[in-house]
Amino acid sequence: GSNRYGDEERVILGTTVNIRRQSGLGAFSATALKRRLAGHTATASSWFSGTAEGVSASASPEDLELAL
């Protein structure tokens, strides 16, 4: 979690979260990824709290293969 970092490093951590939200995935730009996922139900995100960090993801049964 973010408690492991000092104040200056937490500012950088916050910035990386914002950059990640605007980025794509693998060979897909953010725009291309949105187009590829249009009409599908698949999401993924990472998170940080003071004491932990993790990844959350979900998909409809029909879109599970796409999400993987």
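This passage describes the confidence of a predicted model, its strand pairing and the surroundings of selected residues.

The structure is a predicted model in which local features require pLDDT of at least 70 and side-chain atom pairs count only at pLDDT 80 or more, whereas totals for chains, interfaces and linings use all residues. Residues are numbered from 1 along each chain as its sequence is written, and side-chain values use heavy atoms, with hydrogens and water left out. The mean pLDDT (the predictor's confidence in each residue, from 0 to 100) is 81 for the protein, and 96% of its residues reach 70 or more. Helices (H or I, at least four residues) and strands (E, at least two) are DSSP runs, numbered from the N terminus. Of the elements of the protein, helix H1 (residues 7–22) shows the lowest mean pLDDT, 75, and S2 the highest, 87.

Strand S1 (residues 42–48) pairs with S2 in the antiparallel sense over seven bridges; pairing requires that DSSP find at least two bridges between two strands. Within this arrangement, Ala42 stands opposite Ala59 in S2. A hairpin of four residues joins S1 to S2, and Ala52 lies in the loop between these strands. Ala52 is classed as partly exposed because its relative accessible area is 28% (buried means under 20%, exposed over 50%, and partly exposed in between, with a 1.4 Å probe and protein chains only). Although Ala52 and Asn3 are 49 residues apart in sequence, their C-alpha atoms are 8.6 Å apart in space.

Ala57 is found in strand S2. With a relative accessible area of 61%, Ala57 is therefore exposed. Not counting residues up to four places away in sequence, Ala57 touches Thr43 and Ala44, contact being defined as heavy atoms within 4.5 Å. The C-alpha atoms of Ala57 and Ala67 are 8.6 Å apart, with a separation of 10 residues in sequence.

Asp63 occupies the loop between strand S2 (53–59) and helix H3 (64–67). Asp63 is buried yet has no salt bridge (a side-chain nitrogen of Lys or Arg within 4 Å of a carboxyl oxygen of Asp or Glu). The nearest side chain of opposite charge, Arg36, is 7.8 Å away from Asp63; Lys and Arg count as positive and Asp and Glu as negative, while His and the chain ends are not counted. The side chain of Asp63 does, however, make a polar contact with the side chain of His40, at 2.8 Å. A polar contact is a pair of N or O atoms within 3.5 Å; within protein, one must be able to donate a hydrogen and the other to accept it, and residues adjacent in sequence count only if both atoms are side-chain atoms. Leaving aside neighbours within four places in sequence, Asp63 is in contact with His40 and Thr41.
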